[in-house]
Number of protein chains: 2
Amino acid sequence: MEFRIDSIDGNARACTIKTEHSEIKTPIFMPVGTAAAVKSLDAIDMMEILDAPIILGNTYHLYLRPGDEIISKLGGLHGFSGYKRSFLTDSGGFQAFSLGDNVKFTDEGIWFKSHIDGSKHFFSPEKVIDIEYNLNSDIMMVLDDLIALPNTKERIKKSIERTTEWAYRSLVHHVNRGKKNNLFAIIQGGTDFEFRRISAESLVSLEYKGYTFDGFAIGGLSVGEENQLMYDTIEATTPYMPKDKPRYLMGVGTPEDIIEAVERGVDMFDCVMPTRNARNGYLFTTFGTLRIKNAKYKLDESPIDPKCNCYTCRNFSRAYLNHLFKAKELTYFRLASIHNLHYYLNFVKEIREAILEGRFKEYKKEFYSLRAMNSLEI
Amino acid sequence: MEFRIDSIDGNARACTIKTEHSEIKTPIFMPVGTAAAVKSLDAIDMMEILDAPIILGNTYHLYLRPGDEIISKLGGLHGFSGYKRSFLTDSGGFQAFSLGDNVKFTDEGIWFKSHIDGSKHFFSPEKVIDIEYNLNSDIMMVLDDLIALPNTKERIKKSIERTTEWAYRSLVHHVNRGKKNNLFAIIQGGTDFEFRRISAESLVSLEYKGYTFDGFAIGGLSVGEENQLMYDTIEATTPYMPKDKPRYLMGVGTPEDIIEAVERGVDMFDCVMPTRNARNGYLFTTFGTLRIKNAKYKLDESPIDPKCNCYTCRNFSRAYLNHLFKAKELTYFRLASIHNLHYYLNFVKEIREAILEGRFKEYKKEFYSLRAMNSLEI
């Protein structure tokens, strides 16, 4: 993986990541393609309509169905789904933790039962890497020791120690396998700044046969804590992350969360919010959130966002989408998902331009004043 | 509406219909866009990916939701949905009959309660035409008196008499309104050949101020009768339908039904089968029907139909579709619907070419021998 910083504005960074499959300009938002498909969309939509350079696949889901060995035989995620750009895959730990039954964390790994058929499975750091090889992920996340927040100091301490231990096992396994896929470690530590520092420093210092991690992620945030506490935790963590490697904030978040994290030095994001909110009728716009089921859109011929030039806004009206949503037409889901993902992808593109032009602070101010208007729902 | 016969081969016809919005080469299959959207697809899909010249909208559904007056204000079905080619709309009678509650047929029209909110409504021949004006349908079907089959001779006789009476009221109303939309009458009569002849002759003879119907449909078939009886009924009816006007077989059917009806002189078809079967995992191919959930497709990298060049077959494998179907991914529905509709649209295009080249019988024979192989499911 190649990585270079194109520009820095305050702590906000505009970088370029080059994997085997695509060039990624940061800050970047990665749409979530849980089961090798971003919900309601296909690979052509992602490449030609949305022009997304990287999407995320969920290791837990793909391991259970269709199975990583099947995906391997079909050319990895790229061959299987037809999406020829980059995939980042999580470790599956978070989904095993949140979706599986009878979940049990041991020093060796995570035991869980499939939410699909109740079958029993075990994820170890090494096994997760092997699954991610089968998926041929461009960026593989290590297995980490997740905990619910708030939690005891003792359990958080155990979590960061085990996370470091597992990260080291992952690195050793990866170096010994000699594969080219990139490996990212995950910083834990809850909202305790000191634990975050320790977790970051210990992961950054890991090294095996001269190899270190290709990037670092901040995990375990956006799990119910106050927004400001999340921002403060990020701010307390990024100074301990290497400047010359990508920084990824996992599972975050709202547009506001993203711009706050970029300001604190984060480069990469993923979240189900744009696609899930789309399916539930919440559409992102420059001027705030639009609830498409609102009766006032019944006769509204304008596009979702007059400032948007996405496929949906170019071709369809609020009135038509209001109708499709209320009639529960399948057509609605794709059109709404395209719009919300376009909003996110265009948003990070605008942030990048602002950073490159040294006007990040002005851009952020303007972003907030427009979003706060929420003029669409007045 | 312009209509011309391009070629005749036996009783099979290749014609051209020209409406205000598109040119339609027959035989033609019209995808069903019940609620102003073909399920899972949008107007761009229908025009650019499938190149369908005409789709069907359901008057009953659109009248109830979003309401025909709303659609009228938004530029009719064309402006509302973004599909700029032709729409044919049914009369709503069949859906009121099959979906509504407390349905009551009187000499004046049909009383029914909405399946959406239980509200009470009345469809008269004149009211249905007014709704179809609001939809700005290119081809409007008249309200007809539907009956379940089998039924008593007496009730079938009443049905064709009332259907003729309502058709005349529709024609009078339409001529007096002076609108340019085209109006088709519907022949009833169950599977009784004599009633079909009487119904056809009486509708064809209707005339008001020099105006007659723009086309004729065969209604009330494919409701559970044997295939051969349906084919025989069509064969007993088409000789009484004008040669110089389009002939439309409503709600039919399988590819086999379509080719049999074309052989007996029918030009136009509509059916939910390609889209509904797609959603249920049944995919049409040159070689028979493919059940995508079948475990043998798990590792199958070939497209649904090796002879198909549709968007789905060009980009995605059976293995990927098998996975999407089993994972209940929304993405599946659009890809499968595109394939099945492409199959139908390509099928009628091939039939047309065969008619133009005077080899309809050979084409039909080859079609049956390939379909009968059902080699995919052996």
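Here are three short exercises on this predicted model, each with a worked solution.

Residues are numbered from 1 along each chain as its sequence is written, with chains lettered from A and ligands numbered from 1 in the order in which they are written. Local features need pLDDT of at least 70 and side-chain atom pairs count only at pLDDT 80 or more, while totals for chains, interfaces and linings use all residues; side-chain values use heavy atoms, leaving out hydrogens and water.

**Exercise 1.** Find which residues UniProt lists under "binding site".

*Solution.* Start with the record: UniProt lists A:Cys308, A:Cys310, A:Cys313 and A:His339. Next, check the spread: they span 32 residues of sequence, yet cluster in space, with a largest C-alpha distance of 8.4 Å. Keep in mind that such annotations may be inferred rather than shown by experiment; the positions follow the numbering used here, and feature names are shortened.

**Exercise 2.** Place A:Cys310 and A:His339 in chain A, and decide whether each is buried or exposed.

*Solution.* First, the elements, which are DSSP runs numbered from the N terminus (helices H or I, at least four residues; strands E, at least two). A:Cys310 sits in the loop between strand E16 (288–291) and helix H12 (311–315), whereas A:His339 belongs to helix H14 (residues 330–356).

Second, accessibility: buried means under 20% relative accessible area, exposed over 50%, and partly exposed in between (1.4 Å probe, protein chains only). A:Cys310 counts as buried because its relative accessibility is 3%; A:His339, at 0%, is buried as well.

Third, the neighbours, where contact means heavy atoms within 4.5 Å. Leaving aside residues up to four places away in sequence, A:Cys310 touches A:His339 and A:His342. With that exclusion, the contacts of A:His339 include A:Cys308, A:Cys310 and A:Cys313, as well as A:Leu283 and A:Phe284.

**Exercise 3.** Describe the contact between chain A and chain B.

*Solution.* Begin with the residues: 37 come from chain A and 37 from chain B. Then take the buried area (accessible area, 1.4 Å probe, that two parts lose on being put together, summed over both). The two chains bury about 3300 Å² between them, 62% of it on carbon and sulfur atoms. In chain A, A:Tyr320, A:His323 and A:Leu330 lose the most area to chain B, together 18% of what that side buries.

Finish with the salt bridges (a side-chain nitrogen of Lys or Arg within 4 Å of a carboxyl oxygen of Asp or Glu). The rule finds 6 across this interface; one pairs B:Asp42 with A:Arg334 at 3.3 Å, N to O.
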